[in-house]
Amino acid sequence: MAGSSSGTDGDSKAATPKRGFKFPGAVTTLAIVTLLVWVATLFIPSGLYQLDEHGSPIPGTFQQQASPLSLKEAAEQLVLAPVNGVYGLHNSNTKRVDSETVGRMFGQIGVIVFIMAIGAFISVSFATRALEVAVAALADRLREKGWMLIAAVMTLFSLLGSTMGFSVETLGFYALFIPLMTALGYDRLVTAAMIIIGALVGVMSSTVNPFSIGVAAGEAGISIGDGIGLRFVLWVVLTAMSIGWVLRYAAKVRRDPSASLVGWDTQQDTAAAAEQSPSAEAQARLTGTQKWVLLITALAFGLMIFSVIPWSSVLGGRAGAADYYGLHEVVGATPFWFELNWWFPQLAMLFILASVLVGIVAGMGEKETVRLIAAGASDMMGPAMVVLLAGGVSVIMNNTQTLDTILHSMERLVTGASAGFFVFLTVLVNIPLAILIPSSSGHGALAMPLLAPLADFAQVSRASTITAWIMGHGLALLMAPTSVVLVGGLAIAKVGYDKYLRFVWPLLLALFAVSTLIIGIAATLE
C-alpha cells in the first residue's frame with residue numbers, strides 16, 4: 001500500500017506542469033515601460049537648450065537645471081500618464097502636457113477613436129458575410145500565389161510610407177487581411193509583419209516624406225530633394241530585404257503549420273493552414289447586398305488613403321515644419337484643389353458613417369446596427385489601451401524636461417567623429433531618442449538643428465546626415481514599445497511582443513548593418 005501511495009504521489013508530481021516565465025501581454029508590457037521610464041526620469045537631470053526664432057534648439061546652449069516638478073508632482077505624472085496619453089494638451093507657454101490646460105492636442109485620442117471606428121465598421125460588415133465570402137473566393141484563387149500578395153502589399157505600404165509617412169493608417173487593414181491570410185495558410189504573425197514591417201521600412205527609408213525628410217531638411221537648411229538618390233537606393237535595398245525575410249517565414253509556416261511562432265486560434269485554423277483546400281464559402285456566390293457592402297468597403301478604404309496624402313507637399317517637394325500625428329499638415333503648403341487633408345477625426349467619422357450605410361443597405365435595422373457598432377468598437381479596447389499607454393510615456397519625458405538632457409548626451413557623443421564613424425553614431429544614437437519621441441516630425445525638429453552643424457565639422461553632407469537620422473528613427477519604430485504602429489498592430493493581430501521580437505531581431509540587425517554601410521560609404525566618398 002505504501003509503495004502504491006508513493007507511486008501515486010510520484011505520478012502526481014510528474015504530471016504537475018512546470019510554471020515557467022510567460023511574457024506579459026501588450027498592456028502590461030507598456031505599463032512596465034511607463035514605470036521604468038518614470039523611474040529613469042527621477043535620476044536623469046533636467047535641462048533645456050536655448051531656442052532660435054523657429055523654436056529649434058541651438059547647439060552648445062544646453063543648461064542643466066533643477067527639476068520643474070516636486071516629488072509629489074512627479075508622482076502625479078506617473079498616475080496621470082494614461083489620461084494625458086489620451087487627451088493631454090500641450091501648452092506652448094509652460095511646455096507642459098496636461099488635461100487641464102489650454103493648448104494643442106498631444107494625446108492619442110484621435111488614434112484611439114479611429115481604431116474603434118474601424119472595429120465598428122468591420123463588425124457591421126462581417127455580419128453581412130460579404131467579406132467572409134469574398135475572402136474565401138480570393139483565397140481559393142491565390143492558393144499557390146500567396147507570396148505575391150505579401151510582396152505586393154509590403155511594396156505598396158513601403159512606397160506609401162516612404163513618400164508620405166503612411167503608417168498609423170495601416171491599423172485599419174488588419175481586419176481585412178487576417179482572415180484572408182489565415183485562409184491562405186499563414187498565421188497572424190505573417191499578417192502583422194507584412195503590414196508593420198512593410199509600412200515602417202518605408203518610413204525608415206523615406207525619400208520625400210514631408211513629415212520626416214521635409215521637417216529635417218527644413219531644419220538643416222537644404223532642399224527635400226538633396227540626397228534623394230541615396231535614399232531611393234536604400235528604399236529599394238531595405239524593402240527587398242524585408243520582403244524576403246517575411247516571405248521566408250511565411251513559406252515555412254505554410255509548409256509546416258507547427259513551425260508558427262504564435263500558434264493558431266483554433267484547430268480549424270491549423271487544419272486550414274495544412275490543407276489550403278477550397279472552403280464552402282469559396283464555392284458560394286456573392287448576393288447583391290454583399291456586392292454593395294464590398295463596394296462600400298473598397299470606397300471607404302480607398303478614400304481613406306487618398307484623403308490623408310499631402311499631395312501638394314509630396315509632389316511639390318516642400319521642406320519645412322510639418323506635423324504628422326497632431327494636425328497632419330505641412331506648414332505653409334498651399335493645398336491642391338482636390339486635396340482633402342483629412343486626419344483622425346474625419347477618418348473616424350468616415351468609417352462610422354460607412355458602418356451606418358452598410359447597416360441600411362443590409363436592412364439590419366436601427367437596433368442591430370447600433371449593437372454591432374458598439375460591439376466592434378468594444379473589441380478594440382485592448383489596442384486602444386496600448387496606444388494610450390504609449391502616449392503616456394512621451395508625456396512623462398516632456399513634462400520632466402529630460403529630453404533635452406538626452407539630446408545633449410547625443411550631441412556630445414557625435415562631436416569630433418570622423419565621417420564614417422559619424423554616420424554610424426548618428427544612426428545609433430537616434431534609435432533610443434526615437435523610442436522616446438516616436439513622431440518623426442518631433443524627432444526631426446529636435447535632433448537636426450544639433451546634428452546639422454556637427455555634420456559640417458565631420459565633413460559629412462547634411463543630406464547624408466538626414467538619411468542616417470531617418471534610418472535610426474525607422475529602426476526604433478520597428479522595435480519600440482512606444483511605437484503606436486507597432487504595438488497597436490500587434491495588439492489587433494493578437495501577436496505577442498516577445499514573439500514579434502524573436503521573429504524580427506535578425507532582420508533589424510541586417511537592416512542596421514546594411515544601411516550604415518551604404519551611408520558610410522556614401523559619406524566617405526563625398
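The paragraphs below lead through charges, rings, contacts and backbone angles in one protein structure.

The model is predicted, and for this reason local features are described where pLDDT is at least 70, side-chain atom pairs count only at pLDDT 80 or more, and totals for chains, interfaces and linings use all residues. Residues are numbered from 1 along each chain as its sequence is written, and side-chain values use heavy atoms, with hydrogens and water left out.

A good place to begin is the salt bridges, a term that here stands for a side-chain nitrogen of Lys or Arg within 4 Å of a carboxyl oxygen of Asp or Glu. A search of the whole structure finds 3 of these salt bridges. One of them joins D456 to R462, with the closest N and O atoms 2.6 Å apart. Another joins E368 to R371, where the closest N and O atoms are 2.8 Å apart, and both of these residues lie in helix 16 (residues 366–379), 3 residues apart, which is about one turn of the helix. Helices in this account are DSSP runs of H or I with at least four residues, strands are runs of E with at least two, and both are numbered from the N terminus. R129 and E132 also form a salt bridge, in which the closest N and O atoms are 3.3 Å apart.

How open to the surroundings are these partners? Residues are called buried under 20% relative accessible area, exposed over 50%, and partly exposed in between, using a 1.4 Å probe and protein chains only; the areas themselves come from the Shrake-Rupley method, and for residues only the protein chains shown count as cover. D456 counts as partly exposed because its relative accessibility is 41%, and R462 is partly exposed with a relative accessible area of 26%. In helix 16, E368 is partly exposed at 30% and R371 is partly exposed at 45%. R129 is likewise partly exposed, at 35% relative accessibility, and E132 is partly exposed with 31%.

Charges also appear in another arrangement, for R248, K252, R255 and R502 gather in a patch of positive charge on the surface. Such a patch is made of residues with over 30% relative accessible area and no salt bridge, where like charges are joined within 9 Å and nonpolar side chains (Val, Leu, Ile, Met, Phe, Trp, Tyr) within 5 Å. Lys and Arg count as positive and Asp and Glu as negative, while His and the chain ends are not counted, and the place of a charge is taken as NZ of Lys, CZ of Arg, CG of Asp or CD of Glu. The largest share of the patch, 3 residues, comes from helix 10 (residues 228–255). K252 is found in helix 10, and K252 counts as partly exposed because its relative accessibility is 42%.

The structure also holds 22 aromatic pairs. In W337 and F338 the ring centres are 5.5 Å apart and the planes stand at 90°, so this pair is edge-to-face. Rings of Phe, Tyr and Trp (its six-membered ring) pair if their centres lie within 6.5 Å, and planes under 30 degrees apart count as stacked, over 60 as edge-to-face and the rest as tilted. W337 is exposed, with a relative accessible area of 80%, whereas F338 counts as partly exposed at 27%. By contrast, F421 and F424 form a stacked pair, 6.0 Å centre to centre with 15° between the planes. F421 and F424 both lie in helix 19 (residues 419–436), 3 residues apart, about one turn of the helix. F421 is partly exposed with 44%, and F424 is partly exposed with 31%. Elsewhere, ring pairs link F114, F121, F157, F166, F173, F177, F301, W343, F344 and F351 into a cluster.

The last stops are in loops. K95 is found in the loop between strand 3 (89–90) and strand 4 (97–98), and its C-alpha atom is separated by 7.5 Å from that of N399, although the two residues are 304 residues apart along the chain. Most residues other than glycine have a negative phi. N341, however, is not a glycine and has a positive phi of about 55°; N341 is found in the loop between strand 7 (329–330) and helix 15 (344–361). K494 also has a positive phi, near 60°, and K494 is found in the loop between helix 22 (484–493) and helix 23 (497–525). N341 is partly exposed at 36%, while K494 is exposed, with a relative accessible area of 65%.

Note on methods:
Areas by Shrake-Rupley, 256 points an atom, 1.4 Å probe, with all protein chains shown as cover.
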